[in-house]
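Me: Please take a close look at a single part of this model, the surroundings of the ligand, and then follow the chain outward from there. A connected account would suit me better than a list.

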Amino acid sequence: MHYLCDMLAVAEIIEQKLFSRDNLVTLLRAEGADGLLLLKKAGELKLQTIGNKVYFRGLIELSNVCEKDCLYCGIRRSNKNIERYNLTDEEVLEAAQFASLEQYGSIVIQSGEVTSERFAARIERLISQIKSASGNKLGITLSLGEQRKDVYKRWFEAGAHRYLLRIESSNPELYRQLHPEDGHHRYEQRLDALNLIRKTGYQIGTGVMIGTPMQTVQDLASDLLFFKDFDIDMVGMGPFIEHDDTPFRVPADDALSLADRFNLSLKMVAILRLMMPDINIAATTALQAIDPLGREKAVKAGANIIMPNITPGRYRKNYLLYNNKPCTGEEPEQCSGCMDARLALTDSEIGYGEWGDSLHFKKRENENSSFARIVNDALQGVGNE
Ligand code: SAH
């Protein structure tokens, strides 16, 4: 194989942790035995670093009302074929109570994007109510899009402590192609939002869709480097799946098959686990839309977070981000038993009743506070002289 001599083998790249952009492309293209090796190594590293626990985040899809018009998304503003809904406060609190009773440890409140003061105040109130009703036990992650600085702060002070905002693509040009140019979808604004969220004090999560129109494998390699450079605490990424009521309803001739998008997504999870061993990585629902055991496969390849849907069943058909979204005909109760059985297949233990915070975040916090102590001590020393 001398003609490939300047290309490193998959095993070498993993062993020596040589995650340059070119090597990441090699890993993303790994097939057959090489592909399996990658998934296996990532699974092993997860067990060595953070163990075999998987944490649940009960997902509450609060509302599909959205001010944005993302070209790929089923709940985009221009889609007139869905009934818009808002869960009542009571329904949100009941869902949170269900998560508490089931010992889920945490919930995620997700919604279409709304930037009104009314929405901000409502979320703030709900966070406080959920915190006090659960005796502060339930952890709260938010996935409510781009908001103002003061809104992030109010929600953080009310008790939410993690925030998910996918960058969707770290390539500004591709970001532009995936969103309309209507002044509401700017890459720089998204990046600013991520920085604000981090500064507010949240554990920060981001992610991308895998296999979108116009995306290349080099883009995905850059996405992985973006996660590393941004020093994220958590990630949620999964395959792009067409939605019939969006401009991207028909796959282009050169589009990846769903199976290829799925395999690429598993490799993205595995590679990121190798690059960032102590972050939280979600096994996303979109994986399950392509392969019924998709999330379990992701857990084996390095993921450690699952988000069982606890939205009341009758709303779920209206929160279809993409075609064939799973579990839309079910009620929350049906999910819990199902998840136990599924995860038993992966030799994982479920971290019932635990927040399962990102170890990466904790380490950074500790480093920051010991750094602050050193600076403090040094300054006190100066004062005493
Ligand atoms: N409005 C919120 C969250 C709702 S959408 C926000 O902007 O953060 C949550 C995620 O679903 C999006 O970030 C996107 O990555 C994903 N998504 C949307 N449409 C999708 C599709 N067609 N296929 C796969 N994932 C999709």
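**The ligand site and the loops of the model**

Reply: Glu168 is placed in the loop that runs between strand E4 (162-164) and helix H7 (172-178). The model is a predicted one, and this residue is a suitable place to begin, since Glu168 belongs with Tyr72, Ser111, Arg166 and Ile241 to those that come nearest to the ligand among the 18 residues around it. Glu168 has a relative accessible area of 10% and is therefore buried, the limit for that class being under 20%. Its backbone also deserves attention. Most residues other than glycine have a negative phi. Glu168, although not a glycine, has a positive phi of about 70°.

The polar atoms around the ligand come next. Arg166 places a polar side-chain atom 2.8 Å from an oxygen atom of the ligand. Two further approaches involve the backbone: a backbone N or O atom of Tyr72 lies 3.0 Å from a nitrogen atom of the ligand, and a polar backbone atom of Ile241 is 2.7 Å from a nitrogen atom of the ligand. On its own, the ligand has 550 Å² of accessible area, of which the protein covers 92%. The ligand sits in the largest cavity. The shell around it, sorted by class, consists of ten nonpolar, four polar and four charged residues.

From Ile241 one may pass to Glu242, which is found in the loop between strand E8 (238-239) and helix H10 (258-275). Glu242 is buried, because its relative accessible area of 10% falls under 20%. Its C-alpha is 8.7 Å from that of Gly74, although 168 residues separate Glu242 and Gly74 in sequence.

A second positive phi occurs at Met214, a residue other than glycine, with a value near 70°. Met214 lies in the loop between strand E6 (209-210) and helix H9 (217-230). With a relative accessible area of 46%, Met214 counts as partly exposed, whereas Glu168 is buried.

Two serines show how side chains take part in polar contacts elsewhere. Ser106 is part of strand E2 (residues 106-111), and its relative accessibility of 0% makes it buried. The side chain of Ser106 is joined to that of Arg162 by a polar contact of 3.3 Å. Ser134, by contrast, is in a loop, the one between helix H5 (117-133) and strand E3 (139-143). Ser134 is buried as well, at 12% relative accessibility. A polar atom of its side chain lies 3.1 Å from the backbone nitrogen of Leu138. Ser134 and Ala96 are 38 residues apart in sequence, with a C-alpha to C-alpha distance of 8.4 Å.

The last loop to consider holds Asn309, between strand E10 (305-306) and helix H13 (332-344). Asn309 has a relative accessible area of 10% and so is buried. Its side chain makes a polar contact of 3.3 Å with the side chain of Glu61, and another of 2.7 Å joins the side chains of Asn309 and Thr311.

To return to the starting point, the ligand in the largest cavity has buried Glu168 among the residues that come nearest to it.

How values were computed: Residues are numbered from 1 along each chain as its sequence is written. This is a predicted model: local features need pLDDT of at least 70, side-chain atom pairs count only at pLDDT 80 or more; totals for chains, interfaces and linings use all residues. Side-chain values use heavy atoms; hydrogens and water are left out. A residue is near a molecule or strand if one of its heavy atoms lies within 4 Å of it. A polar contact is a pair of N or O atoms within 3.5 Å; within protein, one must be able to donate a hydrogen and the other to accept it, and residues adjacent in sequence count only if both atoms are side-chain atoms. Accessible areas come from the Shrake-Rupley method with a 1.4 Å probe; for residues, only the protein chains shown count as cover. On a 1 Å grid over the protein atoms alone, a cavity is a set of points where a 1.4 Å probe fits but cannot get out, and a pocket is an open set with protein on both sides within 12 Å along at least five of seven lines; lining residues have an atom within 4 Å of a point. A molecule sits in a cavity or pocket if more than half of its atoms lie within 2 Å of its grid points. Ala, Val, Leu, Ile, Met, Phe, Trp, Tyr, Cys and Pro count as nonpolar, Asp, Glu, Lys and Arg as charged, and the others, Gly among them, as polar. Helices (H or I, at least four residues) and strands (E, at least two) are DSSP runs, numbered from the N terminus. Buried means under 20% relative accessible area, exposed over 50%, partly exposed in between (1.4 Å probe, protein chains only).
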